[in-house]
Amino acid sequence: MLFNPFPGLRSFESDEDHLFFGREADIDALLSRLRAARFLAVVGTSGSGKSSLVRSGLIPSLQSGFMAGAGSSWRIAVMRPGEDPIGNLAEVTSRADVLGHDGELADTAGVLMEATLRRGTKGLVNAVRHARLPADHNLLVVVDQFEELFRFRRSRHANSRDEAIAFVRLLLEAAAQQQYPIYIVVTMRSDFIGDCMNFPGLAEAVNTGLFLVGRMSRDGLRSAITGPVAVAGGAIAPRLVNRVLNDLGDDQDQLPLVQHAMMRTWEHWAGHRTGAIDLADYEAVGGFKDALSQHADEVYREAVEAVDAATVERIFKALSDTHSDPRGVRRPGTVAELAEVCGRSEADVIRIVEIFRGPGRSFLMPPRAVTLTPDSIVDLSHESLMRCWARLITWATEEAESADFYLRLSQAASWFEAGKAGLWRNPELRLAERWRDETQPTEAWARRYDDKFTHAIAFLDRSLAEHQRLVDEAERERRAKLRRTQWTAGVLATLLLAAVALAVVARRENARATANLALAREAVDESLSSVDLDPSRLGADVPALEELRRDLLTKAQRFYAAFGAQDPGSEQARYDLALAHLRLGHISRLLQRPDDAAREYLEAIARLDALAADSPSTAAYRQSLADAHNWLAETYRPQPPRAGDAERAYDRALALQQALVQAEPDNVAYRRQAARSYYNRGILLAGTPEASDRAEADFRSAIELLSPQADADAASAQELARAVNNLAGMLTLQPARLEEARTLYERAIEIDERLVRESPDNREYKLELAKFCNNLASLLREMGQPDVAAARSRRAVELIDELARLAPSLAVEQADARTLRGGILRDQDPAAAERDYAEALALFEEGLGDERVLRLPEFHQRFGDLLLDLAAFPARRPESERVRRLLERGVARYADVARAVAARGSAADAQAAAETVSRLLAALPATERDRLGPVLEQLGRRLEAHR
C-alpha cells in the first residue's frame, strides 16, 4: 500500500532516515566534526534543514556505528530549551532509555535528575557518573532550537538569565571533560549566532565545533524529491522535478515549503492516480509558493466550523512569538496552558490541534500518532508557517502589538501605585479601551509577559471611571455655564446700555462726571472680561459666545467713544481716558479695523506720554505707555509697507520696559511684557534675511526673561513656548541648524503639554500645542524622519479635531493638519495620504461659506499649500488619478474664492489671495494655470484700486 513519504513542514524524525535524501556528504562531515569536538553547533538559516539533518541524518548514523571509535550504543536525549532549559534537560535525561531507571525510582527520577543538574556546573557529568552506564555506551544530548535560550532578555521570569547561563555551563562542562563519552549537539538559526556572545565560553565552543549547513546541490535537491517517491513506490515526471527546483531557485532556505508542496502534490496524485506524479497535480495544490497558505486556510476554515475563529486565532498567537524577538521563534505550550489562554475547554483545544495535525497535515506538533493529554506539548511544526501563512503573519504582528500595549499598561499601573505617574487620559485611555475590547485579554494570556494583570486591569478600570467622572462633571459645568452665559448676556447688555446712558448724563452733569464715568468704565470692563477679551488670544474663541462677543465689542466701542469725548479734570480721570483709547484700539483690532486701531493707540500714547511726563515716578503710566506702543506695532506688523513704523514702535516699547525690569527685576508682569515685545519684534525682523541675527537675539532675550518664572506662572510659560517656537521657526531656514530647531520645537511642545495637563479646558493652550506639533512634524518630514513626523502630526490632528468640535473657525488649522499628514504619508502610504488630502479639501470647502474664515490670510496660504501638495503627488500611483481629480476640484473652488475677493474683498484679502495664486501658477499643471491666470489679473486690478 502506498504511503505519503513527505513529512510536510515538520522535521524528519530518526525513524524516517530511509526517506531522508540529498545530505549524505553533510552527514559524513557531521560525524567527523562531532568526533573531533564533542560540542557541535549545527547552524543555518530557518528552513535550511538543520533539525532534519541531525534527527534523520546524524542520529541514525551514530546508532549504526558510523562514527569511528564510538560504537553503536547511544543514549540519546533530544530537547528544546523553552522557558525552563534545565528542567527540560532533566526531563529527557531521566528517561529509562537515557540515564533514568525503571521500577520504583521511575516516578522520582525527574526530580532527582533536576537536583543533580542544578548542584553545579558538572551536574550533567555527575548525572552520567551516577547512572553507571556500560563502558561502551555514549550519551548524546541534542538541543534543538537552541535560540529559544536567548529569550531571557524579555522573559517574565526574574532569574531567566541566570538559568540560561547555568544551562550553557552544564553543556560546555560536559563537552569539555574526557572521562565520560558525552556529546552535545545544538541546532541554531544563523541570525541568532551573535547572541552567543552573552554567555561565557559559548562563542569559543561554537567556533570550535561549528557546522554551517550549506546549500544543497541541484543533484541533492533532486534526490530529496525523487528518493522518497521511489521508496514509497511512486513515480514522478522529470519535468515536475525540474519545475520544483526552478520554483525554489536560489532560495534554499525554504526546504520545508518544498516538502509541504510535495506532500500536498502526492496527496492529490494519490486521489487520482493517473500515471506518474506530474505538473497537473503540483499546480492543483497551488505549487511551491501558494500550497502552504492555501492548505492552511482550508484547515483553518474546517477548524472554525468545528469550534470557532477566535479560539483558533488565540491558539496560533500563543504558539508564535515575535514579541520576545522580532525575528520570530516558536513558543510551545501544553494543551492545558492553551486552554487557559483561550478561555476554552481542553477538549476544544485538542479538537483544533487534531484538525491541524490530521492526515496529510503537519502544521502542529506532536505528530498525529501521539495521543494528546492536558500535559501534551503543542508546537508549530516549523517557523516557515510564521513566514508563509499570510493569516498567521497578521496574527503574530497583532499579538506582538497587543503584548507591547499590555506591558505599557502594566508599567503605567506600577508607576501609578508608586506615585510616579497619574491615571491614564485620552488618547491613551481610548486606545486602552479599544485594546481590551478587541483583545479580550485573560490572566493566563498576560502571564506570558508579566504577573501584574490584575493590577493593570484595575488601573485601567480606575482610569475609565475617573475619565467618566470628569466627563460628567464637565457636562454639568457646561450646562451651568450656558445658564450663566444666558443670564450674564442679559445683565451685561443692560449694563452696557446703562453705561452709555451714564456717559451721556455725565457729560451733562459735570459735578457727577468722575463718579459716573468710573461706574460706566467698570461696567464695560466687566463685560469685556466676561467674554475673555485678550488681544493675544485671537484663535481661542468660544463658539457659543462668538456672536455675543461681537455684539458686546460693538457696544463697548460706542461707550468708549462717549467716554473719550469727556474733558477730565483729575489725574485719575486723565489716566482712565488714556486707557479708554487703548481699549478702543484693542476693540478695533478685534473687529479687523486696523486704521481705527492705530488711530486709537496713537491717541492713547499721546495721553500717556503727557501723564508720564507730569508724574515720572508713577510706573503704571510707563507700563501702559509701553503696552500701547507694543500693540501699535502689532497693528502695523501685518502691513508690509509699515514695517519700519512697527519696528520703531517696538523699540519705544522695549526702551520703557527694559527700564521697568531694571528697576524691579523680580516683577513678573514687567518681565512678561518685555519678553512679549522682544519676540514680537523678532517675528517682524525674521521676515528680513539681513536682520536674522537681530531677530534671533530678540527671541533669545525673550526666552531669557521668561525662563526663570515659567514654572510658577502659566502666562509666562505660555509666552515662553511662543518665543521658543518662533525661534525654532526661524532656524528652520538655516539647513545647518535643523537639529537645533527640532530641539526648540520639542521644548515648546513640552511646555504646552504641561499647560494642557494643568488646564485641560483651556482651548488656547490646545490650539497652540497643535500648531507647535504641526511645525515639528513639518521639520521632521524635511529631515527625512516620516515615522516620527507622523506621530507629531497625529497629535496635532487629535487636538484640532477636539477643538473643531467646539470652534468651526478652526477648520483652517484642521484642514492644514490633514494636508501636512498627507504629505508625510505620501511615500509610505499613498492611499492614506489621498484620504487625508480629500478630508483637507472638504474642510476648506466647508469654510467657504464663512466670511470670517475667508478674511484670514492663513486660509489662503494653507489652501494653496494643499493644492501644491496635490500637484506634487507622484504619478503612476494607483491613487494618482483620484488625486488629480481632487486638484481640479480644489483649483476650481479656490478660483471662485479669489474672484469673490477681487470683486468685494479688502486690500488685505486681495493681497493674500494674489500671493497664493502667484505661488500656485509656478507649480500647477498647464490646464490649472490657465484657470487661475485671469483671476490673478482681477486681483491685481483690485489691489490697484485700493492704492
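## An open parallel sheet and two helices that cross it

In strand 5, the bridge partner of Ala41 is Leu210. The model is predicted: local features need pLDDT of at least 70, side-chain atom pairs count only at pLDDT 80 or more, and totals for chains, interfaces and linings use all residues. Residues are numbered from 1 along each chain as its sequence is written, and side-chain values use heavy atoms, with hydrogens and water left out.

Strand 1 (residues 39-44) and strand 5 run parallel and are joined by 3 bridges; two strands pair if DSSP finds at least two bridges between them. Helices (H or I, at least four residues) and strands (E, at least two) are DSSP runs, numbered from the N terminus.

Strand 1 and strand 5 belong to an open sheet of 5 strands with parallel pairing, in the order 2-3-4-1-5. Strand 2 (74-79) and strand 5 (210-212) are the edges, each with a single partner strand, so one side of each is left without a neighbour in the sheet. On average, neighbouring strands of this sheet are turned by 15 degrees against each other, direction ignored.

Two helices lie across strands of the sheet, as tabulated here. Axes are lines fitted to C-alpha atoms, for helices over the stretch in contact (heavy atoms within 4.5 Å), and angles run from 0 to 180 degrees between N-to-C directions.

| Helix | Lies across | Angle |
|---|---|---|
| Helix 1 (residues 24-36) | strand 1, strand 3 (138-143), strand 4 (182-189), strand 5 | about 170 degrees to strand 5 |
| Helix 3 (residues 85-93) | strand 2, strand 3 | about 145 degrees to strand 2 |

The protein has 39 helices and 10 strands.
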